[in-house]
Amino acid sequence: MKDALLIVGAGYTGSRLASLAAEDGQHVVLLARNPTPQAGCQAVSADLDNADSIDAALRALDSRNLAWRIAWLAPPPKLDDGDIVPPDQRLKRLLSMLPFQPVRIVLASTSGVYGDHGGRAVCELTPPTPRTTRARARLGAEQTLLDWAETRVSHVILRIAGIYGPGRLPLQALRDQQPIIDPAELGPGNRIHVDDLARAFLSALLHEKPPALINVCDGDHASSSQFTLSVADVAGLAPPPYISLAQAQEVFSPMRLSFINESRLLDNSRLVHELGVSLAYANHRDGIRAALADKR
């Protein structure tokens, strides 16, 4: 049987994964509300909040003589504040309607599920203690997959650090001289270049026996301020002014503060040694240079 890949959520990372998988000879289908057509890929439109739309999309797939693998990159529905982590209804709905049993499902989650660890190291054995609604929703998606797959379908959860790459650098903020927090006041950060993330996704999809839970980061733990300073240096822009962490609490957006107020050192040993991913951009400055040079 020929391998086939269904990518659910064809955005920034999904489009990169699609290109990589198509180059690898996979039969690739992009499923999203408004998927952008890509060379070598079939684009299928679906509203993940509408069962009839999902049913029509799945019927459009040719499942005969194809070994389907699923990459789930769609975000969970927005979550209200509260203590209960609900199931991801989008994921649950699609899984319940699949006309085939997939060979494997790989789910995009977030390293934010670990919460704040004061700059200490965390690995896949560290219990999740999410602090934000965004991270709690991702943890709900993880549990939805685990409840559905159990032991009958191979599955991998990727807990992904902050994603950067072409179009995802703070260039305008630097041009506007927006302040950053004094690097001396920040703990370690975690991130991954989008192309390394796409490679990690494809490896998790195709590996014979991948770990079921994998942290995805580059292992270069520069803080968010150090990263911004590196972007300024590589791009030839003036470095931004500094403010204190206390001042940032008054002027930064709640979203930005949600990242800054959590600090952990993410261990990527499973990614590199067990999944066997060779990172092209283990040094963030190399990743910045590549992002600036990529005009896609």
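How much accessible surface does the chain have, and what share of it belongs to carbon and sulfur atoms? The accessible surface comes to about 13,700 Å², of which 50% belongs to carbon and sulfur atoms, the areas being computed by the Shrake-Rupley method with a 1.4 Å probe.

This is a predicted model, in which local features need pLDDT of at least 70 and side-chain atom pairs count only at pLDDT 80 or more, while totals for chains, interfaces and linings use all residues. Residues are numbered from 1 along each chain as its sequence is written, and side-chain values use heavy atoms, with hydrogens and water left out.

**The chain as a whole**

Along the chain there are 11 helices and 13 strands, where helices (H or I, at least four residues) and strands (E, at least two) are DSSP runs numbered from the N terminus. The radius of gyration, taken over C-alpha atoms, is 19 Å, which agrees with the value near 19 Å for a compact globule of 296 residues; the globule rule is 2.2 Å times the number of residues to the power 0.38. Of the 296 residues, 50% are buried, a word that here stands for under 20% relative accessible area (exposed is over 50%, partly exposed in between, with a 1.4 Å probe and protein chains only). Contacts, meaning heavy atoms within 4.5 Å, often span the sequence: among those between residues at least 6 apart, 77% join residues at least 24 apart.

**Two aromatic pairs**

A pair of aromatic rings is described by the distance of the centres and the angle of the planes. Rings of Phe, Tyr and Trp (its six-membered ring) pair if their centres lie within 6.5 Å, and planes under 30 degrees apart count as stacked, over 60 as edge-to-face and the rest as tilted. By this rule the chain has 2 aromatic pairs.

| Pair | Centre to centre | Angle of planes | Kind |
|---|---|---|---|
| W68 and F100 | 5.3 Å | 15° | stacked |
| Y164 and F227 | 5.1 Å | 70° | edge-to-face |

W68 lies in strand 4 (residues 66–72) and F100 in the loop between helix 3 (89–97) and strand 5 (104–110), so this pair ties together parts that are 32 residues apart in sequence. W68 counts as buried at 1% relative accessibility, and F100 counts as buried at 13%. The other pair links Y164 in strand 8 (residues 162–164) with F227 in helix 7 (residues 224–235), 63 residues apart, and both Y164 and F227 are buried.

**A buried loop residue**

T126 lies in the loop between strand 6 (121–122) and helix 4 (133–149), and is buried with a relative accessible area of 15%. Leaving aside residues up to four places away in sequence, T126 touches Y114, H117 and R159.
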